[in-house]
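Biologist: I would love a close look at one part of this model, the place where two neighbouring helices pack against each other. Could you walk me through the contact and what surrounds it?

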Amino acid sequence: MNDDVTYEDFVTTRAQALLRYGYVLTGNADDAADLVQDGLVRLRGAWDRVVNKNDPEGYVRTIMARRHISLWRRRRREQLVGSVPEERYDDRGIERAEHDPRLWTALAALPPRQRAVLVLRYYEDLADEDIARVLGISRGTVRSQAARALGKLRADWLPAAAPATTGGHHDR
């Protein structure tokens, strides 16, 4: 790429090609435009460094691909519903678990760090970064301690069965 090419020249000459690339990635013109815009904004902040490497288009395409993957992963975890529930949802299983003394016994039997991680995560509703800061450990340690603790709880404690409902049973 020519050293006298400015950011504005690059955008003028390559925006349509980047838009086509975004469309191929997303299959949607609006999402493609968002990816191009995000990529070009990031390119602007790094223009001097990127233009010296003679590959601003490769830089933008990489940003667009990574951003698309990130958005796709986030959307994949979403569970869309047709309408917003008007009433509060109470999970009876959680209620039973909270009042089951066997859970508290199993929790008390965990090593102190594992117990602290679970309490901070599920009772105090803290993010892993916040738990790591509070306990003075790494985020990876928070995750491994939580996984080990949950594994022990799953092995040692099974929730009490839901109370049987009265009434007829219909086979389908």
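Modeller: Happy to; here is a walk through the contact between α8 and α9 and its surroundings.

Please keep in mind that this is a predicted model. Helix α8 covers residues 128–135 and helix α9 covers residues 139–156; their axes come within 8 Å and cross at roughly 100 degrees. An angle of 65 to 115 degrees counts as roughly perpendicular, so that is how α8 and α9 lie to each other. On the α8 side the contact is made by D128, E129, I131 and A132, and on the α9 side by R139, V142 and R143. Sorted by class, that gives 3 nonpolar and 4 charged residues, with no polar ones.

Let's take the nonpolar part first. V142 is a good place to stand: leaving aside neighbours within four places in sequence, V142 is in contact with V117, R121, D128, I131, A132 and I137. V142 and I131 are also among the residues with the most contacts inside the largest nonpolar core, a group of 15 residues, and so listed with them are L107, L110, V117, L118 and L153. Helices α6 (101–108), α7 (112–123), α8 and α9 each supply at least two residues of this core, and α9 gives the most, with 4. A second, separate core has 14 residues, including F10, L35, W47 and V51.

Now the charged residues. E129 forms a salt bridge with R139, with the closest N and O atoms 2.9 Å apart. This pair joins helix α8 to helix α9 across 10 residues of sequence. Both partners count as partly exposed, E129 at 44% relative accessibility and R139 at 39%.

D128 has a salt bridge too, with R121, and there the closest N and O atoms are 2.8 Å apart. Here each partner is buried: the relative accessible area is 18% for R121 and 12% for D128.

Within α8 itself, R133 and D130 sit 3 residues apart, about one turn of the helix. They form a salt bridge with a closest N to O distance of 2.7 Å. R133 counts as exposed at 60% relative accessibility, while D130 is partly exposed at 27%.

One more residue is worth a glance. Q114, in helix α7, is buried, with a relative accessible area of 5%. Beyond residues up to four places away in sequence, Q114 touches Q145, R148, A149 and K152.

Conventions. Residues are numbered from 1 along each chain as its sequence is written. This is a predicted model: local features need pLDDT of at least 70, side-chain atom pairs count only at pLDDT 80 or more; totals for chains, interfaces and linings use all residues. Side-chain values use heavy atoms; hydrogens and water are left out. Axes are lines fitted to C-alpha atoms, for helices over the stretch in contact, and angles run from 0 to 180 degrees between N-to-C directions. Angles under 35 degrees count as roughly parallel, over 145 as roughly antiparallel, 65 to 115 as roughly perpendicular and the rest as oblique. Contact means heavy atoms within 4.5 Å. Ala, Val, Leu, Ile, Met, Phe, Trp, Tyr, Cys and Pro count as nonpolar, Asp, Glu, Lys and Arg as charged, and the others, Gly among them, as polar. A nonpolar core is a set of buried Ala, Val, Leu, Ile, Met, Phe, Trp, Tyr and Cys residues joined through side-chain atoms within 4.5 Å. Buried means under 20% relative accessible area, exposed over 50%, partly exposed in between (1.4 Å probe, protein chains only). A salt bridge is a side-chain nitrogen of Lys or Arg within 4 Å of a carboxyl oxygen of Asp or Glu.
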